[in-house]
Amino acid sequence: MAKVQQDPAAVPGLEIIDLVVVGSGGVGKSCMTVRFLKDEFTNEYDPTIEENYRKTITVDGVQCQVNIVDTAGQQEYTMLRDQHLQSGTGFLLVFALNDRGSFEEVKELRERVLKVKDSKRVPMIIVGNKCDIPPEQREVELSAVQTYCHGLKVPFLETSAKTNINVNETFHELVRECRKKKPEASKEKAAAPAKGAKKEKKSGCAIL
Amino acid sequence: MLSARLLAEQLTLVDIHLFRAIKSSEFSIYLWGRSEERSIRSRHLLEYIERFNQVGFWAATIVLTQSHAKDRARAIEKLVRVAKHCVRLHNFNSAMAILSGLTMAPVNRLKKTWLCVPTRAMAELSELEELFRYSSNFKSYRHLEHTATPPMLPFFGLFIKDLVFMNDGNQRSLPTLGDMDGSASTSSRSGISTSYSSTPNEKVHGDQPQTKPEPLFNFEKASLVHGKVATVHFLQKHTYSFTPDVTPIPNRGMAPTPSPSSTPSTAIHLLAMPTVRAVTRRASAAPVSRGSGSFPVPDGRRRSIANSEISPTSSVAAAGDSTADALGPRVSLDSHNTVATASGPVVTMYEYCRGLPTLDEKTLDRISRELEAPPPAANRGVAPSGGSGATLIVPSFAAAGDGGTSAVDPNKVEYNSVERVVAAS
């Protein structure tokens, strides 16, 4: 269900991809997002400014605008959870390498994403953040994560938002995943009308 | 039927009461406190967040507890109007909550129901959705909030998110001139807790980068965070001019319709009563199942709800012995508005809005799947849910519930879709 939006402010023809960053509290979601979005030369990051949640990047020689929906600070808003997921094309599932519980949460989040998007294959990437921590603090075994991700064919990357390791690579990889998915998505859509597309259904009935 | 305006007003009164209870210090605990500390020392803040969920789940519950698609559509229509009134009252928080309730997957997937929603209500809903759209970082909503005058209840989810990003997105201290090699752009969660929090936070000092010269304090960050918290402080000074409504809620629409074969009920059970015992006692002949709370549960599904858990945060205390229990444990206000009658306590409009009845997500999801499952696919679709009551229920109501509606409604459906096409072109 690749959603290509037309933003009035956008350059015509520019590909727009909505990415959602999810994960349990304290794994460094917001730091990842800010690290990716922030202009390195400004000291102040004001999240209320429109431009501060989007970035134009070039992946494999093709430009695209990436809009980030970050769920940081909204763990308590159970009501908004599905809405966040509905709004995205690609998903960044973040856990912290020093928090075993957060990896378990990622597994649950994955199920939830698939359920909300009503599809078996949704572009996503699993991210183990805080790889800068000393080895003795690691709680999540690398081999377990790799086995899990390999089995599901979901890319996995270790990152450190703090020391800027693999942050840009993560977002670039996810853009690639979204692009891979696109042709499949349109096929799927033709076969079974997507849920949540109220308006489309309505106009469909006019034909009857 | 109670007016949408009154409902919106009373919801708003409850909201502002909770909003005004939040202390500025709670924000610092929320941002920088330990998780076990949060639940105690930022209690009001969490209560207000929970209120958002409550309103949202209530909206979904109201829709899903109607037996007929037409009634569900009318409930949606009504809730859209309530949300519109909330916007008019600048209660953006509850407007957004109702909207989330209506866009929640269990409600969203009710195809037949959505086809019955009048065109005008659909247009109003799209308007609201447009207003609260995520795109461009809530551009339209931010504009609205910026231009609105107090009293106002901002969409708190966005507020909290902004606050978290201001905290996480800006480093606590800035590099000195001799340290501009980029390594200092590290953002840490430690924040500027010392300015707001009264708790000694050793971690803050421990996290400080080991730079030779004294690092510069990032005043921009402090200013951003302070500005945000000050907004809340400012808004808390304002109240609404209307008062709690003490009219007892009329009995109409409280009891569930006795049988599915009866004529389609015209009453919207927007007033699913929170006082379990009052209702059951008075209408002792009415078959309200135990544990189903106070909902006018659609026939045939009564059992499935009875078997399911009522969410722990739900304000419906099924076994509650006192009015206070039934009104929800989380919001503890004095119950001076309770009007006692011979037949038991009757709830006022204000109290109803305070203890909005809700069902938990799982139950809503199951009801939703059962409600509009197409008869041939019903067995296939329901089997995985594995609920003890589920398999029993589906056949009976596939025949009674929506089968009838689809037969009744084709005109309306056609009318709707034609209108939409006209509107779209």
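Start with chain A and chain B shown together and look along the interface between them: 19 residue pairs are in polar contact there, both partners having pLDDT of 80 or more. Keep in mind as you go that this is a predicted model.

Which helix of chain B should you select next, as the one giving the most to the side that touches chain A? Pick helix α11, residues 156–169 of chain B, which contributes 11 residues to that side. Now colour this whole side of chain B by residue class, and you will find 23 nonpolar, 19 polar and 14 charged residues.

**The whole interface**

Widen the selection to everything that touches across the two chains. On the chain B side there are 56 residues in contact, and they meet 44 residues of chain A. Together the chains bury about 4,600 Å², with 56% of that area on carbon and sulfur atoms. Show Tyr134(B), Lys161(B) and Phe165(B) as sticks: these three supply 15% of the area that chain B buries against chain A, more than any other three residues.

How many salt bridges cross this interface? The rule finds 4 between chain B and chain A. To see one of them, select Lys139(B) and Glu50(A), whose side chains meet with a nitrogen-to-oxygen distance of 3.6 Å.

**A pair of rings in chain B**

Next, turn to the aromatic side chains. Over all chains, the count comes to 21 aromatic pairs. Zoom in on Tyr141(B) and Phe155(B): their ring centres are 6.2 Å apart and their planes stand at 75°, so this pair is edge-to-face. Tyr141(B) belongs to helix α10 (residues 135–147), while Phe155(B) sits in the loop between α10 and α11, so the pair ties together parts of chain B that are 14 residues apart in sequence.

**A hairpin in chain A**

Now move over to chain A and select residues 54–59, which form strand β2, along with residues 62–70, which form strand β3. These two strands pair in the antiparallel sense over 6 bridges. Within them, find Thr58(A) and look straight across to β3, where Gln63(A) stands opposite. Between the strands of this hairpin there are 2 residues, and Asp60(A) takes a positive phi near 50°.

**One last stop: His172(A)**

Finish by selecting His172(A) in helix α5, which covers residues 167–191 of chain A. Which residues does His172(A) touch, leaving aside those up to four places away in sequence? Display Ile57(A), Thr58(A) and Val59(A) to see these contacts. For a final distance, pick the C-alpha atoms of His172(A) and Lys29(A): these residues are 143 apart along the chain, and the two atoms are separated by 16 Å.

Note on methods: Residues numbered from 1 in each chain as written. Chains lettered and ligands numbered in written order. Predicted model: local features only at pLDDT ≥ 70, side-chain atom pairs only at ≥ 80, totals over all residues. Heavy atoms only, no water. Contact = heavy atoms within 4.5 Å. Buried area = accessible area lost by both parts, 1.4 Å probe. Polar contact = N/O pair within 3.5 Å; in protein donor to acceptor, adjacent residues only side chain to side chain. Helix = DSSP H or I, 4+ residues; strand = E, 2+ residues; numbered from the N terminus. Nonpolar A, V, L, I, M, F, W, Y, C, P; charged D, E, K, R; others polar. Pairing = 2+ DSSP bridges. Phe/Tyr/Trp six-rings, centres within 6.5 Å; stacked < 30°, edge-to-face > 60°.
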